Amino acid sequence: IDTSGINTGALTLELFGPLQETPDSLNNIPISTFIPTENGFDVAGRLQSSLVTDGSYRLEFNAVDNVGNSLRHRRTFLLDRQNIVKPLLVTIPQNKSFINSMPSNLAYDSFNLLRVEDIEVDLNSSSFEIVGPNNQVLDSVSRIVTGDQAIIRSLLSTAVPPMDGTSDGVYQLVLDVFDKAGNNTQATFNYIYDTLPPKVTLSYPQDGRCVSTLDVARVQASEDVTATTDVSGLSKAQSEIKIKLLEPTRPFNNSNSGGMILSTVDFLSEDSDPLNTEIVALVVEEGDIGLPKGGDFDGLYEMSASIFDLAGNQASSSTTFLFDSRAPSLSVSGFGDLDYLTNQQFVFSGSIQDQGPCGLLSSNQNEFETSHLKLEIFNYDIDNGVTGSLIGGPFYSEKITSVESPSYPSESTQGTFAISGSFPGGLGSAMFRFSFRDRVGNEARLERIAN
């Protein structure tokens with residue numbers, strides 16, 4: 001075919017852009033044209049300065065033959081020199097998260113996932129690895145889910161970490177992501193695999209104990225660091241302690257069984273890392289300071305603790321204790337106020353009685369503790385009502401005998417006692433103080449002035 005040929009001297013090459021910023025007339029980018037030495041090319045262009053702004057550009061080539069015919073060719077391209085930013089990289093498990101089991105479902109078994117929230121991602125060129133605590137790469141099978149812009153790695157059955165603590169620690173997702181322009185983003189995400197529940201010790205009140213005051217209940221909670229110190233830490237938001245009334249002591253406590261005691265939980269860190277070891281304090285707010293005394297709240301209680309860590313592992317424990325705040329009663333036979341004692345030798349007898357849930361017996365529940373009953377004798381200024389120094393005692397009963405009496409309720413503990421001794425002569429007045437405390441320290445006191 002006869003043609004006139006290309007008029008290389010009339011060829012033009014122009015570049016416009018970035019097109020998203022200003023009209024074409026203002027977007028003409030200076031280029032220098034020249035005839036290339038390579039075969040098959042008629043004109044080439046060289047930028048006078050590098051392009052600064054990423055975006056869309058249009059290249060226009062005006063072809064002219066030797067008789068003046070011309071044809072304009074246009075090509076648009078996207079300049080993208082920015083790699084995919086890390087916030088667009090989403091993983092399962094999430095970066096800096098805590099888990100107690102590997103994600104799993106029927107489709108992928110146990111897996112880790114990388115999703116790239118950028119439409120320009122090149123999934124075929126991108127990849128990631130799962131690296132365990134000992135820097136070993138976990139064996140897995142990779143697959144691309146185009147519709148989700150994700151890469152999923154299904155762990156081989158032999159690579160799934162056991163849930164017994166032996167493989168706990170920090171796991172890394174080593175990411176290598178490309179976009180369609182070839183820009184590369186490398187990142188390392190990590191998560192903590194923590195399968196062991198916390199350790200819980202109910203430190204106060206202890207199981208089966210009797211207490212006469214309860215301002216603060218205490219639980220010792222700590223992460224299990226047997227296998228590794230890379231643990232998730234205790235979860236203050238999920239952990240809780242409760243005190244529940246199981247059996248009220250009648251007739252003084254008329255509350256219903258099952259009632260919860262008003263209280264708040266406080267965490268008192270015991271180490272430099274407040275997430276790992278805590279004294280979990282339950283501050284009782286039922287009264288002004290702790291459980292009110294006097295018997296209205298006496299009874300059998302249950303304290304329960306549910307302690308969680310940030311990976312979702314839970315440890316639970318419970319204990320029961322008796323709350324006894326009602327003082328016992330004490331009486332002395334034949335000894336009234338301002339009685340005259342004609343002999344320095346004395347023998348006093350009387351009775352003791354208690355209706356608290358803990359009773360009067362010693363901790364072995366077989367006999368009374370004689371040291372809990374004592375008599376002390378003091379100088380006494382009867383004119384001014386002032387108690388002076390100790391002049392006799394303390395005297396203790398040699399034996400307290402358990403008795404039953406129809407004059408007291410059947411649920412009470414009763415006993416009789418005798419105390420003997422002597423005191424110095426030549427005194428004007430003396431004050432005899434009988435005191436008796438029950439098993440948990442509630443005290444009854446009886447004072448008599450003798451001449």
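**Close-up 1. Cys 210 of β17 faces a partner in β23.** In this predicted model, the bridge partner of Cys 210 within β23 is Leu 322. The two strands, β17 and β23 (residues 314-323), run parallel to each other and are paired over two bridges. They belong to an open sheet of four strands, ordered β17-β23-β22-β19, in which the pairing is mixed. At the edges of this sheet lie β17 (210-211) and β19 (240-248), each of which pairs on one side only.

**Close-up 2. A disulfide ties Cys 210 to Cys 358.** Let us stay with Cys 210 for a second view. Its sulfur lies 2.4 Å from that of Cys 358, and the two residues are joined as a disulfide. This bond links distant parts of the chain: Cys 210 sits in strand β17, while Cys 358 sits in the loop between β25 (345-354) and β26 (373-381), 148 residues apart. How many disulfides does the structure hold? The count is one. Why is the disulfide of Cys 210 and Cys 358 called left-handed? The torsion about its S-S bond is about -115°, so the disulfide is left-handed. Both Cys 210 and Cys 358 are buried.

**Close-up 3. Strand β15 pairs with both β14 and β8.** Here the view moves to β15 (residues 184-193). Strand β14 (residues 169-178) runs antiparallel to β15, and ten bridges join them. One of the partnerships to look for is Gln 172 with Asn 190 of β15. β14 and β15 make up a hairpin with five residues between them, and Gly 182 in the turn has a positive phi of about 90°. Strand β8 (residues 97-99) pairs with β15 in the parallel sense, over three bridges. There, Ile 99 has Tyr 193 of β15 as its bridge partner.

**Close-up 4. Phe 335 and Phe 432 meet edge-to-face.** The structure has 14 aromatic pairs. In the pair shown here, Phe 335 and Phe 432 are edge-to-face, with 5.5 Å from centre to centre and 85° between the planes. Phe 335 belongs to the loop between β24 (329-332) and β25, and Phe 432 to strand β30 (residues 430-437), so far along the chain that they are 97 residues apart. Are these two rings buried or exposed? Phe 335 counts as buried at 4% relative accessibility, and Phe 432 is buried with a relative accessible area of 0%.

**Close-up 5. Phe 348 and Phe 434 form another edge-to-face pair.** The ring centres of Phe 348 and Phe 434 are 5.5 Å apart, with 85° between the planes. Phe 348 lies in strand β25 and Phe 434 in strand β30, so this pair ties together parts of the chain 86 residues apart in sequence. Phe 348 is buried, its relative accessible area being 6%, and Phe 434 is buried too, at 0%. Step back a little to find one aromatic cluster, formed by Phe 335, Phe 346, Phe 348, Phe 395, Phe 432 and Phe 434.

**Close-up 6. Two arginines sit over phenylalanine rings.** Arg 326 lies over the face of Phe 252, 3.6 Å from the ring centre. In the companion view, the charged end of Arg 153 sits over the ring of Phe 128, at 5.9 Å from its centre.

Key
Residues numbered from 1 in each chain as written. Predicted model: local features only at pLDDT ≥ 70, side-chain atom pairs only at ≥ 80, totals over all residues. Heavy atoms only, no water. Pairing = 2+ DSSP bridges. Disulfide = S-S within 2.5 Å. Buried < 20%, exposed > 50% of the residue type's maximum accessible area, 1.4 Å probe, protein only. Phe/Tyr/Trp six-rings, centres within 6.5 Å; stacked < 30°, edge-to-face > 60°. Lys NZ or Arg CZ within 6 Å of the ring centre and 35° of its normal.
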